[in-house]
Protein chains: 2
Amino acid sequence: MKRDELYVGVDLGGTNVRAAVIDPAGHVLGQEKHRLLSREPPQVAEAVVRAAKTACGAAGLPFAEMKGMGIGIAAMIERGTGMVLNAPNLGWKNVPFLKLLQARAGRLPLSIANDLSVAAWGERAAGAGRGVDDLVVVLVGSGVGAGIILGGKLQEGASGVAGEFGHILVHPGGRSCGCGQRGCLEAYAGGHNLAAWARDDLRIALAAARAAGQKYPALGRILLEAVGEPDKVTAAAMERAAHEGDELSRRLLDEAGRLLGIALANLVTVLNPALLLLGGGVLIGSPRMMRAATAGIDAHASKASRAALRIGAPALGDHAGVVGAALLARASLAAAA
Amino acid sequence: MKRDELYVGVDLGGTNVRAAVIDPAGHVLGQEKHRLLSREPPQVAEAVVRAAKTACGAAGLPFAEMKGMGIGIAAMIERGTGMVLNAPNLGWKNVPFLKLLQARAGRLPLSIANDLSVAAWGERAAGAGRGVDDLVVVLVGSGVGAGIILGGKLQEGASGVAGEFGHILVHPGGRSCGCGQRGCLEAYAGGHNLAAWARDDLRIALAAARAAGQKYPALGRILLEAVGEPDKVTAAAMERAAHEGDELSRRLLDEAGRLLGIALANLVTVLNPALLLLGGGVLIGSPRMMRAATAGIDAHASKASRAALRIGAPALGDHAGVVGAALLARASLAAAA
């Protein structure tokens, strides 16, 4: 392995920063993970560079010999400037993060990308999408997003904000979304919102039950008994309760999966990808939502698009962020050179 | 102009075949249009080649000196083989049209593409999308479809059937579509289906009015007076009646526009194009539907995607088919060479 083929990949979340030295095949040669002590942009930039250097140390390689560094972040990023327009997990708006990083990373070439772009590129370069030119990765976690590769190229859109799949409208006038709109897919299928939806329903049902002199409502009883009070509901608790027969959890997971399935079917009809990778903690954690979603694709995607489609799961797991960020940096810095 | 830069573009419809000699800037040097006398594939192939040769004659150039020929057709076309999987206007399924053409066109390099791909490429090469790398063209006529260019490349999907925008699901369990599904966008906004929707409503309203001893129903009276009987309703008549105050026409055009607007907003949110060109006979003919559609984009697309988007109209008009087919052939045959 020539050293000049090695890149550092960084996965920057709202709580932790992970960094790893990645070879061209996507192997992790050394890594580091630490908690962010501050969310102030300059401190975060320091933490990223420190994590990168520690990862290099773990690989027995000097930071100065890395060919470049890629950073993946759950954010809207402005194409060209690397300006972080909006990163809800970090509470950032319009932070010139690439500049802050560059000031601390010396002459090392940097690239920064949205976490979904990173995930999609990583899967194509070293995961479940190897050799596939038309590939969409959809992750359903606390947020919902898509990374889109068409014709072998990452498609980030005219201003870099493509793939905001969680904010397509699936239910006009529906539940509020964190983005300020109503009826977004994420307002139903995103983990936080899904749990909030159950909590809202449970509070109403509980008040009605108590007014009628009952301890628990009929609808949602199993869920409520399991978590104790509405405020403790999570998407994971809903899946467990659904498995045990809880009717409220079943209805909401099915409805979230139904809306997700229609949205995915429409995406498949319009883009005709060869491969759709479905992942993210909420979706992987809910076989029920996954069933409803894939049934929706089967029922509603155009027949010709469905016939060309394979559905799979991301393969990179915990390493997806660092591997994808490093390999995307490799591809984009090579293209720019 | 060197002759070896000239291509023939062919626009093959269900009724007519048009052919033209096109220079690299998209100018028409000579053209021919004639009616199809048969829809049998071999006869259509003959007619295409004859039209192409006549167009060359009109330009004062020998057919043998053309660099290639591109054919645009309202059809699903299998990538690689040029097999026409489905062309409703011609009543074709699984017709190996490229082979039939090649047998009649000698050694001339051929390419065949969907009419929406042709329209999108033509606008980018010589129309309203010049210089734009991320461009979506949506045409609403009797059918509804999209041509998608991202990163400067035409995106036809893994098997060549991307852009079937008319067949995304916008109304679960809704009106029947010609594709065999229910609730497709085209089932509401496509011209034939839109008129059929009004006819269905008018027949019911008319029967109720007559049962009550009235000549016309209150809802749809202006439309019905204008066309005489429900069977005569067209999308154009609906737009005229809406303009004159017809409430039924207004409701249906607004609802079709509303559904189209949500679908367009979601497309913009996911793809983040720089330019959206909205055209097609039904949409251009209905300022009312156009207003509802663009209002939907403004209201529902993600703010960041909307901020990067310009909305315009296709510029090539009647020549779109022949110009786009020729220039797409130029690009794809050059890429293959």
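## Asn272 in both chains

In this predicted model, Asn272(B) is buried, because 29 other C-beta atoms lie within 10 Å and 20 or more is enough to count as buried. Asn272(B) sits in the loop between α8 and β12 (275–279) of chain B. Its backbone deserves a look too: phi of Asn272(B) is near 50°, a positive value in a residue other than glycine. Most residues other than glycine have a negative phi.

Turn to chain A and you can look up the residue with that number there. Asn272(A) lies in the loop between α8 (247–271) and β12 (275–279) of chain A. Phi of Asn272(A) is near 50°, again a positive value in a residue that is not glycine. Asn272(A) is buried, with 29 other C-beta atoms within 10 Å.

## Where chain B meets chain A

The helix that comes before the Asn272(B) loop, α8 of chain B, also has a part in the contact between the chains. Here 35 residues of chain B are in contact with 35 residues of chain A. On the chain B side, β10 (144–150), α8 (247–271) and α11 (303–307) each supply at least two residues. Of the elements of chain B, α8(B) gives the most to the side that touches chain A, with seven residues.

What is the make-up of the side of chain B that touches chain A, by nonpolar, polar and charged residues? The residues there divide into 20 nonpolar, twelve polar and three charged.

## The fold of chain A

If you are tracing chain A, expect to pass through twelve helices and 13 strands. The radius of gyration of chain A is 21 Å, close to the 20 Å that the globule rule gives for 337 residues, so chain A is as compact as a globular protein of that length. Along its principal axes, the C-alpha trace of chain A spans about 70 × 50 × 30 Å.

Burial and contact order fill in the picture. Of the 337 residues of chain A, 56% count as buried. Among contacts in chain A between residues at least 6 apart in sequence, 64% join residues at least 24 apart.

## Two domains in chain A

Chain A is divided into domain 1 (3–124 + 318–336) and domain 2 (131–314), so domain 1 is written as two segments of the chain. The C-alpha centres of domain 1 and domain 2 of chain A lie 28 Å apart.

How many residues of each domain of chain A are in contact with the other? There are 15 from domain 1 and 19 from domain 2. On the domain 1 side, β5 (76–77) and α3 (115–126) of chain A each supply at least two residues. The biggest share on that side comes from α3(A), which gives seven residues. By class, the side of domain 1 of chain A that touches domain 2 has nine nonpolar, two polar and four charged residues.

## A residue of helix α10

One more stop in chain A is Ala295(A), found in helix α10 (residues 287–300). Is Ala295(A) buried or partly exposed? Ala295(A) is partly exposed, because 15 other C-beta atoms lie within 10 Å, and a residue needs 20 or more to be buried and 12 or fewer to be exposed.

Ala295(A) also has a partner from elsewhere in the sequence to look for. The C-alpha atoms of Ala295(A) and Arg258(A) are separated by 8.2 Å, with the two residues 37 apart along the chain.

Notes: Residues numbered from 1 in each chain as written. Chains lettered and ligands numbered in written order. Predicted model: local features only at pLDDT ≥ 70, side-chain atom pairs only at ≥ 80, totals over all residues. Contact = placed C-beta atoms within 7 Å. Helix = DSSP H or I, 4+ residues; strand = E, 2+ residues; numbered from the N terminus. Nonpolar A, V, L, I, M, F, W, Y, C, P; charged D, E, K, R; others polar. Rg over C-alpha atoms; globule rule 2.2 N^0.38 Å.
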